[in-house]
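Me: Please take a close look at one single part of this model and describe carefully how it is set into its surroundings. A connected account would suit me better than a list.

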Amino acid sequence: MSVPAKEKASSFEPNIVAFVCNWCTYTGADLAGTSRLNMAPNVRIIRLPCTGRIDTLFILKAFERGADGVIVSGCHPADCHYTAGNYHARRRFAVFRELMEFMGVDPQRITFSWVSASEGGKWAEVVNSTTEKVRELGPFVSYPRVAHAQVK
Amino acid sequence: MEELRELAKKLLQEKQVNAVVGYECDRRGVRPAFVDDPAGCDRLVFDHRCVQNLPAYLSPRRTNVAGLGRLAVVVKQCDARAVAGLIRESQLKRENLVLIGVRCGGVAANPNESRELGAETLALRCYGCSGTETAMADYVVGEPKTVPAAGGDRDARLAEIEKMSPEERLALWKEWLSRCTRCHACRQVCPMCFCERCVAEKTQPNWIESSPHIQGNFSWNVTRALHLAGRCVDCGECERACPAQIPLGLLNRKLAKIMSARYGFAVTDDPSTPAPIGSYRLDDGQEFIL
Amino acid sequence: MRRMLSRTDLDALVRDLLGAGTRVIAPVRRKVQGREFVEYAPVQNPEEIALDGSQPVRPLKQVVFPPTETLFNYKQDKGLVQIQEAPTTFSDTLVIGARPCDAAALEIVDRVMDWDYHDEFWFGHRQATTVVAVACTDSDESCFCTAVGLSPESTRGADWLLIPAGSSFEVRVVTPKGEALLESNKSRCPESDVPEAGKASSAVEEKVRANLAMNPAKLQEWLGAHFEHPLWQKIALRCHGCGACAFVCPTCHCFDIVDELEGVGRGARRRNWDACQPALFTLHGSGHNPRKDQSARFRQRVMHKFSIYPSRFGEILCTGCGRCIRVCAAGMDLIAILAEIGQNAEEAGSTL
């Protein structure tokens, strides 16, 4: 298991948003926490009922609001609480990923994973490896965002 | 042409339909025609300038067209894919519609094209088309024709972009999409964009900003293309309608390629083929998932 | 005595202004994925300016009325809302090579922008902008400026009108703003006693006239009396309601005001171009839509331009640029529609 090495990386701390399903990955993340696994603190989790509920617009909105990376995670195939939500999601994300690549958004900024309720260790790995990868990629300044005017 | 006019006349006289949707000549070229009077059938034409995708008028949001009653529609093989799409997605009942299939020899990119049809003028979607009538047709008119040879590789412009670095690609799309003024003409002319309320019009929550700044424009154009993945019938009307001259067809074409490579799907005029998004296989590729 | 300006001197004038930090907008040639067109865009170099090209695909209005404009930013802070107004200083702009139909539109829209409410953004941009129009040397089958009282040589809305004469231009100064521009460029615009070398533009004018002849007063009268008429149903059938016509129209000026969140408790209020053709434009919160179908919406477009605006401001809200005709994917043709209405008005017999 890789642990984020604060010494070697730059001072840049990426913002990462994770969209996870309620039944597998969220429970797995809970397990990672109660098992006191060492995880990068850069990931904010948003719990949804199923990966089938995760619209690609969620990912775009995360980037728009300043995320440097996104994680999408849910039940392994055949494990979906709703039978087939993850199968539908798998097709949608496969297509989304390739379209993003065609439009110049680096697919490395989006991690897709299957993490079950018992895979606390795998969740920690997904969090740590994604954080490391996005840290190396740097802040996602090139994403087409509207310029924020700061109100004093 | 006579055959088409006679058929339309017969359908109207026998009250099989209330109106025929076809093409007519206008001051500049060819435009869609709505004929509800047998005497008006002599206006109907079909030639290489008949570019428009008429099934766009069959979308349930076209309440004024629906008000005409039962329709007969002139369809090219490619247009029939939109009819199939609307039937597949329960927007249309096949039995409520008479389809007049035309044997098409290919169309120009522009309905006002004054030149003959050839490699120079042929619409991109006609590249490699057989020009035969659709199997969905109730009636078939016209002699078999051959589509002129294509003027090059249809996907040359796609390949050019794929060769670029990710940074170059993003810069290119930002440049193009910054031209968008969010008129949504691409959506309105699309036969498959039939939602009662488009996600881009929703304000609570406001997923896609309606402002034509680059953020809203990017989100809108990505979403428009994605919502048409496996549904786009490749009529090219979005790109032709765009007043900002954005090469929108590239996104749709890219998605068609992805659909074909990943799921072996090609858009067809068979309404019983399941759409690739909305169906799945247990062994779908997941090489990108950890 | 006529004042002449050579292309070389025009370029020098542009270079001077660019050097002084003025934003210069002019028709430039574009090529996007094999499609070639001309559009108004900021230039960095006078060589980019295409004065002999075809009509820019989009009108000049975006210079004084940007497609999206932030009115203010806001931030919520413990129940209080802090507002930061958008700056109301506007950058000095020179437009070179405006089409007479685009320049005229600015003056026509001024009327509504200073009607019940003085639009400080519109006039802010207007005052900071100097418009140099160039008389048309060509037209196509969609042009009909002569039918709405303009011409390929109209000076309306322009501060200068340049009339092409060989490799030079004759300079016609129209407004005090134009006088000021001449004052600082007098040496570049020498007086010439060479007589006019025959009017190229009268041939263009003839060509435009052949497209449409119209009696605006009769048209307005017919429209006023025929809010309900089978014509509207008939012509609107093919309309997709996309509104591309309004987005490329130099005189369409409707906008929507939206609040957009840009994070927790902060955001911006913006105004964006809008158009009367999509159903959403008049959709009420209750779900009721007073313009229930496309015929009502297309009628609105024609009525607003040729009946409502004229009766309110004495001006037709159309400059005959023809862009709505060129852009329409469904072949809606305003020239043919106006001709048909004109014929109806003729047949109905006029009280005029």
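The reply below deals with a helix of chain A and the sheet beside it, and then turns briefly to other chains.

Reply: This is a predicted model, in which local features need pLDDT of at least 70 and side-chain atom pairs count only at pLDDT 80 or more, while totals for chains, interfaces and linings use all residues. Residues are numbered from 1 along each chain as its sequence is written, and chains are lettered from A and ligands numbered from 1 in the order in which they are written.

Helix α1 of chain A covers residues 25-34, and 7 of its 10 residues are buried, so the helix is largely enclosed by the rest of the structure; here buried stands for 20 or more other C-beta atoms within 10 Å of the residue's own, with C-beta atoms placed from the backbone, and helices (H or I, at least four residues) and strands (E, at least two) are DSSP runs numbered from the N terminus. The buried positions are T25(A), Y26(A), T27(A), G28(A), A29(A), L31(A) and A32(A). Their cover includes three strands of chain A, β1 (16-21), β2 (43-48) and β3 (69-74), together with helix α4 (120-137). After α1(A) comes R36(A), with a positive phi near 55°.

The strands β1, β2 and β3 that help to cover α1(A) also belong to an open sheet of 4 strands in chain A, ordered β2-β1-β3-β4 with parallel pairing, where two strands pair if DSSP finds at least two bridges between them. At its edges lie β2 and β4 (110-114) of chain A, each of which pairs on one side only. From one strand to the next the twist averages 20°, with axes fitted as lines to C-alpha atoms and angles running from 0 to 180 degrees between N-to-C directions. Between β3(A) and β4(A), which run parallel, there are 5 bridges, and V70(A) stands opposite I110(A) of β4(A).

Beyond chain A, chain C contains 12 helices and 12 strands, and 45% of its 352 residues count as buried. Its C-alpha atoms fill a box of roughly 70 × 65 × 45 Å along the principal axes. Among the contacts in chain C with a separation of 6 or more, 70% come from residues 24 or more positions apart, a contact being two residues whose C-beta atoms, placed from the backbone, lie within 7 Å.

Terms used
A residue is buried if 20 or more other C-beta atoms lie within 10 Å of its own, exposed if 12 or fewer, and partly exposed in between; C-beta atoms are placed from the backbone.
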